[in-house]
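Q: Please take a close look at the internal cavities of this protein and tell me what lines them.

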Amino acid sequence: MPTPLGQLLTERAAADPDFPAVTCGDDSLTRRELEARANRLARAYAQMGVGHNDFVTVALPNGVEFVTVCFAIWKLGATPSPVSAKLPPRELAAIIELANPALIVGVEPGLYPQPSLPAGYEPDAALSDDPITPVRVATSWKAATSGGSTGRPKLILSGDSSEMDPLAGAVWGMRENGVVLVPGPLYHNAPFSFAAIAQAMGNHVVLLPKFDAEAALDAIARHRVDQVNFVPTMMLRMLRVIQEHPERFDLSSLQAVWHMAAPCPEWLKEAWINLIGGDKLFELYGGTEAQAYAIINGTEWLAHRGSVGRPDPGTMCILDADGVALSPGEVGEIFMRRPEGAPPSYRYIGAEARVRDGWESLGDMGSMDADGYLYLSDRRTDMILAGGANIYPAEVEAALLEHPLIETCVVVGLPDDDLGQRVHAVVQAKEPLAHDELVSFLSDRLVRYKIPRSFRFVDEAVRDDAGKARRTAIRDEEARLAQ
């Protein structure tokens with residue numbers, strides 16, 4: 001039976017108060033401790049004016065404080081709106097202007113018109129830590145934020161309220177009172193959602209302060225983690241650590257490993273299938289907007305290599321530029337819609353959906369085979385048109401990542417007087433690589449016109465811990481440097 005998230009914590013704490021609720025690094029809270037802190041914090045927020053259906057912007061790094069803050073917000077029937085704690089001030093200001101939150105958590109007071117609290121804020125100890133009654137229900141249980149590379153920030157409000165089925169995570173393979181590792185940043189939708197659903201099911205949620213391959217592998221073994229959510233960048237780094245120390249890490253506790261958020265190279269996916277078994281590896285394709293999903297496990301993937309799964313009939317289609325449905329195998333734009341009769345799964349603040357005849361697009365390109373399996377190509381805006389040929393950056397990036405010295409990369413198209421666009425790669429490598437060496441390496445993997453004409457090597461990662469890259473900003477900066 002759906003129950004308010006704040007009340008679920010109260011009930012879980014009463015049932016087993018000493019069960020570990022959340023751990024991040026050396027910090028850990030039991031259910032009783034999390035419940036008490038969230039109740040006291042909720043009362044402090046209420047005194048500051050946070051009320052039913054208000055937004056609260058959460059600009060905190062991964063940690064037990066982040067989880068505590070969100071439960072305090074839910075207990076008041078308000079909606080958490082997580083953002084990166086490292087968001088540039090201009091971008092944060094634009095998101096705050098859209099949300100007009102009742103409170104900003106993680107920001108020094110005085111920087112914005114709204115009330116703010118710094119990270120580490122402790123409420124008055126005189127405030128009661130007894131359960132909040134009644135626990136109100138927010139219309140939207142989360143408000144994901146996107147300030148991305150386009151410079152057009154938006155909020156994506158969930159169509160689901162802050163009532164949740166205590167067994168909601170069962171569809172993801174979660175079990176009650178299990179252990180879930182969340183290695184990604186909580187300001188991204190998938191880590192945030194997995195952490196919240198895991199808490200609703202009474203799981204011990206283990207967070208990483210920042211993703212580190214060895215730390216993730218050690219956490220799996222130490223806490224006997226049974227479920228985790230990765231992005232391909234994490235999978236690559238972890239695989240390389242495992243290959244360097246094949247006997248060191250114990251992954252036997254894992255029952256479900258999910259990956260999403262970015263295309264996964266086929267060779268990397270197959271390596272993980274060999275590592276943990278196809279029945280334990282799952283991929284999900286869908287947006288924060290949640291109009292529709294496709295899911296596939298590793299065993300099914302081996303029979304449909306490259307697919308991200310088979311969506312429910314009538315929820316996805318492939319259209320050309322004129323809105324005409326394409327035949328199996330033809331690449332076009334992926335459009336989605338809710339099942340007939342289903343309520344809206346989201347609403348935007350600060351953006352309009354890309355709609356065609358009742359279908360919505362997130363800008364992704366792909367194709368479907370005759371059996372209804374979906375295959376991704378790339379985003380519509382990311383495709384490179386070089387000399388009349390369509391080149392999908394994800395394919396080139398997957399080939400680059402096979403090089404053992406390359407850690408992260410982003411491929412973009414730069415203006416070219418002859419070709420229209422030329423393929424260019426920004427590469428983070430463990431040590432310097434010669435241009436000719438990379439071209440030779442890629443020649444065995446890509447047709448000639450897909451091989452980057454130029455490379456720029458950088459010392460810092462070009463993707464964040466969630467595997468995301470600010471591709472438009474990177475493309476603009478590389479074009480400027482190339483002038």
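A: What follows describes the cavities and their linings, with a short note on the sheet at the end. The model is a predicted one, and by the rule applied here it holds 4 cavities of 30 Å³ or more.

The largest cavity has a volume of about 90 Å³, and its lining is made up of Phe66, Val67, Cys70, Phe71, Trp74, Leu186, Phe192, Ala195, Ala196 and Gln199. Two elements give two or more residues to this lining, namely helix H3 (64-75) and helix H5 (189-200), and H3 supplies the largest share, with 5 residues. In character, the lining of the largest cavity divides into 9 nonpolar residues and 1 polar residue, with no charged residue.

The second largest cavity, with a volume of about 50 Å³, is lined by Leu9, Arg12, Ala21, Arg31, Leu34, Gln199, Gly202 and Asn203. Here the elements that contribute two or more residues are helix H1 (5-15) and helix H2 (31-47), and the lining divides into 3 nonpolar, 3 polar and 2 charged residues. Gln199 appears in the lining of the largest cavity and also in that of the second largest.

As for the sheet, 4 strands form an open sheet in the order S5-S4-S6-S7, with parallel pairing, and its edge strands, S5 (79-82) and S7 (116-117), each pair on one side only. Strand S4 (residues 55-58) pairs with S5 in the parallel sense over 4 bridges, and Phe55 has Thr79 as its bridge partner in S5.

Terms used: Residues numbered from 1 in each chain as written. Predicted model: local features only at pLDDT ≥ 70, side-chain atom pairs only at ≥ 80, totals over all residues. Heavy atoms only, no water. Pairing = 2+ DSSP bridges. 1 Å grid on protein atoms, 1.4 Å probe; cavity = no way out; pocket = protein on both sides within 12 Å on 5 of 7 lines; lining within 4 Å. Points joined across faces, edges and corners; volume = space filled by probe spheres on them. Nonpolar A, V, L, I, M, F, W, Y, C, P; charged D, E, K, R; others polar.
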